[in-house]
Amino acid sequence: MRMPEPDAAIIARKDQIVARLSAVLPDEAVIFDETELRAYECDALTAYRCPPLCAVLPASTEEVVEILKICHSEGVPVVPRGSGTSLAGGALPTADCVILGVARMNQVLETDYDNRVIRVQTGRTNLSVTGEVEGDGFFYAPDPSSQLACAIAGNIAMNSGGAHCLKYGVTTNNLLGVKMVLMDGTVVELGGAHLDAPGYDLLGLVCGSEGQLGVVTEATLRILKKPEGARPVLIGYDSNEVAGACVSDIIRAGVLPVAIEFMDRPCIRACESFAKAGYPDVEALLIVEVEGSEAEIQEQLEKIVGIAQRHNPVELRESSSEMESALIWKGRKAAFGAMGQIADYICLDGTIPVNELPHVLKRITELTNSYGLRVANVFHAGDGNMHPLILYNANDPGELEKAEALGADILRLCVEVGGCLTGEHGVGVEKRDLMPDQYGPNDLEAQIDVKDVFDPSWLLNPAKVFPLNVSENRRVA
Amino acid sequence: MALFEPNDENAVAEVIRTAQAEARPLAIRGGGTRVVGGEGDGDVLTTRNLTGITLYEPGALTIVARAGTPLDEIRSTLAAEGQHLAFEPMDARGLTGRDGTPTVGGMVAANVSGPRRLQAGACRDCMIGVRFVDGTGRVIRNGGRVMKNVTGLDLVRMMAGSHGTLGVITEVGFKVLPEPAATATVQLTGLDVTTAVAAMTAAMGTPFDVTGAAHQPRGATMLRLEGFEGSVAYRAGALAKALKKFGQAEIIDGPEAWTDIRDVTAFAGKDGAVWRISVKPTDGPRVVEALGGADCLLDWSGGLVWALTDPEFDLRAALTGIPGHATLMRVPVDAAPKWPVFHPEPAPVAALSRGLKAKFDPQGILNPGQMDRPVPEPA
């Protein structure tokens, strides 16, 4: 992974920059000690590390304004950071950057059930947004796997999804407004508790912009009333093709399950030995969950089971109690932990058209064998968002590089069949250099034009999203 | 005045490049069923010959179509598979008094969304990919044909509601959804606006998945439930019970009544200016009160107010202090709009909008003045 050479002149001015930041922030909000900075040297893409120049932890929009004004006038790059759970290196520092962490900005500013919105500071964690309203029967829908730790700021930056997107959409569909600070310190408010934008959809541009356009400090989020109940059914098949056909038939039948999860045999076996969820040893396992009142659940499950039966399942298990439901989900929810026990892994995030599923799984197996590695597949089948886990041994020299090369091949395959590089994790540094595989020069230039408008000095979150050669003339200008 | 009717994307790019070289403005047209911002100056570039559904995968809930494809064709193609565009785009012809054929590109350029917007999202939420030609003739692609895609900056949403001012949309991909098998409306009558909005927000706060919440001008308050038959029947009963304190609800089967809400039929053929006001739902009654005697149709649980006013009435001044925005959707035939069509933006937001326009249409040849007509200072 190539990163730009850090600016030695900035590093030489570290004391001066820290002094200016310390003048506008409380002592504990400025971190410049080299040992303490280690905490900020990487995010969840731990293969890449680089301690920043310093880190600041503002507590308000006003403090963010002061920080950005200073960094803007000093020409110092700023890397915004939520909770540091990015799997794509979205918060990876450079040696000459200031990390702007929003973790201390975690207040709920307003809860409004009549208008079904909650307004929060963006350092608040995803799960604690739901935690704030669930006592009254409401929830915030996007639910990335990291929801216990990940911040709303990072969710907005990456346009995060989760297991329930098929029904509830991703972050951009649940975000109604933001307060954002531009690199020069200008505060911009976009949207609000109302439902649409008056002019250009700038809110839509900001969501998923990976910290390239501004630092979002407050967010107005849609909250929804919880359904009366939910229940999963577990279906096992002896081939990926049949499981894929079953998913497609369920969707075509007009049922909209809240989640359709798909696991292949390597994943099933790992999860079973880890979580003891009672999964059958089959080629493909589906977990299909529906929501609603008891009558609605029955009505939907009847249709789903009918379709599943037509494809001759090896196993079909309907939950009949809370305990059985929890058991069906137990293995799936343990998937990443289970894999972590077996080996180091890279988690990919390509999305494919659902009908390409069997073909893509077959090709992934072929590619994996050709590299002499192992891959386990677990993913959101309803929306085609795959999460192949490439297993490797970090202590084996060269194996990470091999795993990354396989990952790149798998993502190119996703693009080749009409899909994309990333469905919910973001580009970050991880997929930055694959962008030309998905987008042509004009397509990338158009995205860079937007960056120019919001951050003309190109100081925000440098060397991410856009291939270095494409952004070079902007960054050094 | 010339009329350009390109048959493909390259031809669109050619027309734009020529116009750019000569600094000639282009008025971008879809079906011409709504003329927010007026007819526009200059040569007309219409997308009506860019037609055809290029991809439809019912099992993947995705459809991709060229910009000039008539919406009716999309509707009937989807209906044959029991699917639909969940955001329920309005047919503006009755309201605007125009004929023409509503198209995919026009719908997207205006981000047209109907009553189901408050449950299923807007047009912009259901868009998964876009192709367009910008004001320099660049052909640009963003997003694609899959429903989860965070690869790079999201220009798909940037194009939604851009009214032909950033580029000419040539192709759009959508996420589609199953069409509901059954529909019921839980209807309350005799409620004043404040009580009606209280009933609607209460309904939206139930777990019964309400997909429409509207209040007719001085008329009924309607709550829509959709899905499989048994489920709809159960939820309609449960919702009526939950709303008991607002009166005895009537349960009406079938989706028909919602076409009138979607198309704002109440104001079709009536004299006056029509405004579309977007606020948070509980501010709906404040809007109605501030507009005095104007007829108002409330949709989106009170968050979308359609108002029929005297064309001379300064609606934005009357609504000062209520967060949100108002768009002038129709003025009387042969009258020039007395008010800016689009809501004035705060200075920092306007600067970003101007910045985008300068990047994607540096010569200002695409629908000049459509969204950025000079705004008179409020009195």
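How far apart do the C-alpha centres of domain 1 of chain A and domain 3 of chain A lie? In this model, they lie 44 Å apart. Hello everyone, and please keep in mind throughout that we are looking at a predicted model.

Let me stay with chain A for a moment. The domain assignment gives it domain 1 (8-103), domain 2 (108-225), domain 3 (229-336) and domain 4 (343-433). Now find two helices with me: H10, residues 265-275, and H13, residues 335-342, both in chain A. Two packed helices are described by the angle between their axes and the distance between the axes. Here the angle is about 90° and the axes are 9 Å apart. That makes H10(A) roughly perpendicular to H13(A).

Who meets whom in that packing? On the H10(A) side we have A:Cys267, A:Ala270, A:Cys271, A:Phe274 and A:Ala275, and on the H13(A) side A:Ala335, A:Gly337, A:Ala338, A:Met339, A:Gln341 and A:Ile342. Sorted by class, this contact has nine nonpolar residues, two polar ones and no charged ones.

One more stop in chain A, at A:Asn461. You will find A:Asn461 in the loop between helix H17 (441-454) and helix H18 (468-475). The phi of A:Asn461 is near 45°, a positive value in a residue other than glycine. Is A:Asn461 buried or exposed? A:Asn461 counts as buried, because 30 C-beta neighbours sit inside 10 Å.

Next, let's cross over to the other chain. Where the two chains meet, 69 residues of chain B are in contact with 75 residues of chain A. On the chain B side, the largest share, eight residues, comes from helix H13 of chain B, residues 347-360. The residues on that side divide into 32 nonpolar, 24 polar and 13 charged.

Chain B itself is divided into domain 1 (3-178), domain 2 (182-262) and domain 3 (266-364). Taken over C-alpha atoms, the centres of domain 1 of chain B and domain 2 of chain B are separated by 32 Å. Between these two domains, eight residues of domain 1 are in contact with nine residues of domain 2. The domain 1 side of that contact holds four nonpolar, two polar and two charged residues.

Now for a sheet in chain B. Strands of a sheet pair through backbone hydrogen bonds, either parallel or antiparallel. In this open sheet there are five strands, in the order E4-E5-E9-E7-E8, and the pairing is antiparallel. Why is one side of E4(B) and of E8(B) left without a neighbour in the sheet? Strand E4 (53-57) and strand E8 (139-143) stand at the edges with a single partner strand each, so one side of each has no neighbour there. On average, neighbouring strands of the sheet are turned by 10° against each other, direction ignored.

Look closer at one edge. Four bridges join E4(B) to strand E5 of chain B, residues 62-66, and the two run antiparallel. As an example of a bridge, B:Leu55 is partnered in E5(B) by B:Val64. Helix H1 of chain B, residues 9-21, packs on the sheet and touches strand E7 (127-134), E8 and strand E9 (167-175), with its direction making about 40° with that of E7(B).

My favourite residue in this region is B:Thr62, which belongs to strand E5 of chain B. B:Thr62 is buried, since it has 24 other C-beta atoms within 10 Å. Setting aside neighbours within four places in sequence, its contacts are B:Glu57, B:Ile128, B:Arg145, B:Met147, B:Gly173, B:Lys175 and B:Val176. Take B:Arg145: it is 83 residues from B:Thr62 along the chain, but their C-alpha atoms are separated by 6.8 Å.

For contrast, try B:Ala23, in the loop between H1 and strand E2 (26-29) of chain B. Its phi is near 50°, again a positive value in a residue other than glycine. B:Ala23 counts as exposed, because 9 C-beta neighbours lie inside 10 Å.

Let me finish with a hairpin. Strands E12(B) and E13(B) form one, with five residues between them, and B:Arg218 in the turn has a positive phi of about 50°. E12 (residues 210-215) and E13 (residues 221-227) run antiparallel and are joined by five bridges. Within the hairpin, B:His215 stands opposite B:Thr221. How many of the six residues of E12(B) are buried? Six of the six are, and the strand is mostly covered.

Thanks for listening!

Note on methods. Residues numbered from 1 in each chain as written. Chains lettered and ligands numbered in written order. Predicted model: local features only at pLDDT ≥ 70, side-chain atom pairs only at ≥ 80, totals over all residues. Contact = placed C-beta atoms within 7 Å. Nonpolar A, V, L, I, M, F, W, Y, C, P; charged D, E, K, R; others polar. Pairing = 2+ DSSP bridges. Axes fitted to C-alpha atoms, helices over the stretch in contact; angles between N-to-C directions. Domains from an automatic or database assignment. Buried ≥ 20, exposed ≤ 12 C-beta atoms within 10 Å, placed from the backbone. Parallel < 35°, antiparallel > 145°, perpendicular 65-115°, else oblique.
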